[in-house]
Amino acid sequence: MRHLLTGAGSGIGAVLAQRLLARGDEVVVLARSPERAEEMAADLPGVEVLVADLARPESVESLAVPDALDSLVHAAGVVELGPVSELGVEAWTAQLQVNLVAPAALTRVALPALRQAGGTVVFVNSGAGLHAHPQWSAYAASKHGLRALADSLRGEEAGHGVRVSTVYPGRTATPMQEKVHEQEGRAYDAAAWIRPETVADAILHLVDLPHDATMSDVTVRPA
Ligand SMILES: NC(=O)c1ccc[n+]([C@@H]2O[C@H](COP(=O)([O-])OP(=O)(O)OC[C@H]3O[C@@H](n4cnc5c(N)ncnc54)[C@H](OP(=O)(O)O)[C@@H]3O)[C@@H](O)[C@H]2O)c1
């Protein structure tokens, strides 16, 4: 199978890339810069790396995406907490660009390849895509939007054989969660949260789902 992943440099996406490479699948990942591309190629032997900065969604439009893709997994994401009274335009724009506009732009570029292979698009969303709590407005807005993108796309692409799934992880022990704890002023204990391996395995299940079914939404919560 052949896959295109964002966010493979860290956390959930990195574990997923390792899992796919270990079983012999072809994995194409997206890096934000040539420097990150070199590091990711070294960290993930056998991977093919494309360069685009998701903070500038137009940069995905010239990507040389493979002809056929069994999956496109959107795992990249950024978070910046703060009350609406303080959150500036820069923070809003950064989260909306990386978490919402870039996944839409990259999906558009990859759709011919996904249609060709009857592939699956997986959006890594968040509990914040279902409920918006204080301090989380911009991130939650981006993830609510990502849910809308997935739901529209699912209906549009059913006739083309492309399936669309959203995963809603709760707090997961990755560098992003460490940053969230810093911003919340709380001590971080990785053992308290979902392991990124568990979320990556849920995504793998969606990617490998036999063609008789589709799983539209999967919520993964800490036990
Ligand atoms: N951790 C959680 O508690 C949690 C909970 C719910 C949902 N999620 C979601 O799960 C997904 C994965 O998060 P994670 O926890 O694994 O986070 P992470 O460890 O911080 O990884 C985020 C990835 O996104 C990439 N990225 C960020 N900005 C980018 C840009 N401008 N261009 C290209 N790539 C960019 C990063 O690239 P670099 O490697 O270059 O930094 C990194 O590989 C995200 O969508 C996140 O919103 C996470």
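Colleague: What makes the pairing of a ligand nitrogen atom with a backbone atom of Ala55 a polar contact?

Modeller: This is a predicted model, and in it a nitrogen atom of the ligand is 3.3 Å from a polar backbone atom of Ala55. The cut-off for N or O atoms is 3.5 Å, so the pair counts as a polar contact.

Colleague: Which side chains have an N or O atom in such a contact with the ligand?

Modeller: Asp53 is one of them, with a side-chain N or O atom 2.8 Å from a nitrogen atom of the ligand. Lys143 is another, where the distance from a side-chain N or O atom to an oxygen atom of the ligand is 2.9 Å. Both values are within 3.5 Å, so both pairs count.

Colleague: How much of the ligand does the protein cover?

Modeller: On its own the ligand has 900 Å² of accessible area, and the protein covers 91% of that. The ligand sits in the largest pocket.

Colleague: Which elements give two or more residues to the shell around the ligand?

Modeller: They are α1 (11-22), α4 (137-157) and α5 (175-184). The most comes from α5, with three residues. In total, 28 residues surround the ligand. The closest are Ser10, Arg36, Tyr139, Thr174 and Gln177.

Colleague: Why is Arg171 said to lie over the face of Trp193?

Modeller: Arg171 is 5.6 Å from the ring centre of Trp193. The distance limit is 6 Å, so Arg171 meets that part of the test; the other part is an angle within 35 degrees of the ring normal.

Colleague: How many aromatic pairs does a search of the whole structure find?

Modeller: The search finds one.

Technical notes. Residues are numbered from 1 along each chain as its sequence is written. This is a predicted model: local features need pLDDT of at least 70, side-chain atom pairs count only at pLDDT 80 or more; totals for chains, interfaces and linings use all residues. Side-chain values use heavy atoms; hydrogens and water are left out. Rings of Phe, Tyr and Trp (its six-membered ring) pair if their centres lie within 6.5 Å; planes under 30 degrees apart count as stacked, over 60 as edge-to-face and the rest as tilted. A residue is near a molecule or strand if one of its heavy atoms lies within 4 Å of it. A polar contact is a pair of N or O atoms within 3.5 Å; within protein, one must be able to donate a hydrogen and the other to accept it, and residues adjacent in sequence count only if both atoms are side-chain atoms. Accessible areas come from the Shrake-Rupley method with a 1.4 Å probe; for residues, only the protein chains shown count as cover. On a 1 Å grid over the protein atoms alone, a cavity is a set of points where a 1.4 Å probe fits but cannot get out, and a pocket is an open set with protein on both sides within 12 Å along at least five of seven lines; lining residues have an atom within 4 Å of a point. A molecule sits in a cavity or pocket if more than half of its atoms lie within 2 Å of its grid points. Helices (H or I, at least four residues) and strands (E, at least two) are DSSP runs, numbered from the N terminus.
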